[in-house]
Amino acid sequence: TARKLIIAIDGPAAAGKGTLARRLAQALDLPYLDTGLLYRAVGRRMLDAGLDPENHPADDQARRITLADLERDDLRVPEIDRAASLVAAQQKVRAILVDTQRDFALAGGGVLDGRDIGTVIFPDAPVKLFITASPAARARRRWEQLAADPAAPDREAQIARVAAELQARDTADAGRAVAPLRAAEDAVHIDTDHMTAGEVLAEALRIVRERTGCPGSDCPGSD
Ligand code: CDP
Ligand code: CDP
């Protein structure tokens with residue numbers, strides 16, 4: 001198995017980063033960290049404390065985050081999408097969470113997905129993937145993920161609202177001064193619009209093998 005291998009996965013909201021990262025980690029027997037959950041957990045703590053993440057420093061809350069916070073089941077809700085993006089624009093918050101992310105993967109490697117993994121957290125990662133899909137595909141996928149009713153009469157209006165939320169967040173994430181969402185120069189781009197999650201995994205595994213020899217006897221640290 002691939003020990004110490006680090007795979008960085010970045011891209012805009014609902015592009016399929018998490019789905020790919022989880023499957024890739026399983027296929028390569030590596031730990032998986034959804035780094036968005038760190039920012040979501042900070043946003044959650046801000047709202048729980050009654051603090052508006054738009055105008056209040058969130059570094060005190062960020063210092064209290066442990067991996068156990070990521071187990072909370074109230075992180076993937078719409079109010080937290082926005083709160084996470086707002087605290088993620090604060091430089092101090094990002095600085096506090098850097099070590100958590102690096103420490104996670106330094107012992108046994110890992111697959112990490114987020115916005116700045118290939119640019120800031122692990123700029124030397126041997127494999128960087130930048131996952132994209134059109135705004136329409138991403139909105140439809142996120143809407144389906146929210147267990148929406150496919151027979152709802154206002155289905156198209158619901159999808160349009162999701163599209164607007166994704167776009168607002170991507171604009172904020174790509175436009176912020178600190179660690180903006182962007183592809184690392186050496187990232188391999190995968191446009192997943194017309195691909196199933198299984199096809200994306202197969203393509204990613206092909207890229208990993210090409211770059212590292214993993215899984216296989218050429219893989220660094222293979223036993
Ligand atoms: O799943 P989705 O793509 O909707 O969001 P997420 O990955 O859980 O990230 C939530 C928010 O956290 C993003 O909109 C970013 O503002 C922020 N984030 C970040 O700034 N850096 C990361 N490495 C991961 C997430
Ligand atoms: O982590 P991120 O926000 O980038 O996206 P995700 O939560 O992994 O994926 C959003 C939805 O798109 C999930 O329900 C996936 O099953 C679906 N999907 C995908 O990830 N990849 C495809 N090629 C097609 C659909």
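**View 1. Contact of helix 2 with helix 4 in the predicted model.** From helix 2, the residues Gly36, Tyr39, Arg40, Val42, Gly43, Arg44, Met46 and Leu47 take part. On the side of helix 4 they meet Glu79, Ile80, Ala83, Ala84, Val87 and Ala88. By class, this contact holds nine nonpolar, two polar and three charged residues. The two helix axes come within 8 Å and cross at roughly 100 degrees. Angles of 65 to 115 degrees count as roughly perpendicular, so helix 2 is roughly perpendicular to helix 4.

**View 2. Surroundings of ligand 1.** The shell around ligand 1 has 16 residues, and those that come nearest are Gly36, Tyr39, Ser85, Ala88 and Gly114. Two or more residues each are given to this shell by helix 2 (36-48), helix 4 (78-88) and helix 8 (155-175). Sorted by class, the shell around ligand 1 consists of six nonpolar, five polar and five charged residues. Gly36 and Tyr39 also belong to the helix 2 side of the contact with helix 4, and Ala88 belongs to the helix 4 side.

**View 3. Surroundings of ligand 2.** Around ligand 2 there are 15 residues, of which Gly16, Lys17, Gly18, Thr19 and Arg141 come nearest. Helix 1 (17-28), helix 7 (135-145) and helix 9 (197-212) each give two or more residues to this shell. The largest share, three residues, comes from helix 1. The shell around ligand 2 divides into six nonpolar, seven polar and two charged residues.

**View 4. Loop between strand 1 and helix 1, with Ala14.** Ala14 lies in this loop. Its phi is near 60 degrees, which is a positive value in a residue other than glycine. Helix 1, at the end of the loop, is among the elements that give two or more residues to the shell around ligand 2.

**View 5. The five-stranded open sheet.** The strands are arranged in the order 2-3-1-4-5, and their pairing is parallel. Strand 2 (32-34) and strand 5 (188-191) are the edge strands, each pairing on one side only. From one strand to the next, the twist averages 20 degrees. Strand 4 (residues 127-132) is joined to strand 5 by four bridges in the parallel sense. Within this pair, Leu129 has Val188 of strand 5 as its bridge partner.

**View 6. Helix 9 across the sheet.** Helix 9 lies across strand 1 (6-10), strand 4 and strand 5. Relative to strand 4, helix 9 runs at about 155 degrees. Helix 9 is also one of the elements that give two or more residues to the shell around ligand 2.

**View 7. Segment after helix 9, with a cis peptide bond.** Pro215 is found in the segment after helix 9. The peptide bond that leads from Cys214 to Pro215 is cis, with omega near -10 degrees.

**View 8. Residues 7-209, as listed by UniProt.** An unreviewed UniProt entry lists this range as "domain: Cytidylate kinase". Over residues 7-209, helix makes up 53% of the chain and strand 11%. The end C-alpha atoms of the range are 12 Å apart.

Terms used. Residues numbered from 1 in each chain as written. Chains lettered and ligands numbered in written order. Predicted model: local features only at pLDDT ≥ 70, side-chain atom pairs only at ≥ 80, totals over all residues. Near = placed C-beta within 6 Å. Nonpolar A, V, L, I, M, F, W, Y, C, P; charged D, E, K, R; others polar. Axes fitted to C-alpha atoms, helices over the stretch in contact; angles between N-to-C directions. Parallel < 35°, antiparallel > 145°, perpendicular 65-115°, else oblique. Contact = placed C-beta atoms within 7 Å. Pairing = 2+ DSSP bridges. UniProt positions renumbered as here; feature names shortened; annotations may be inferred.
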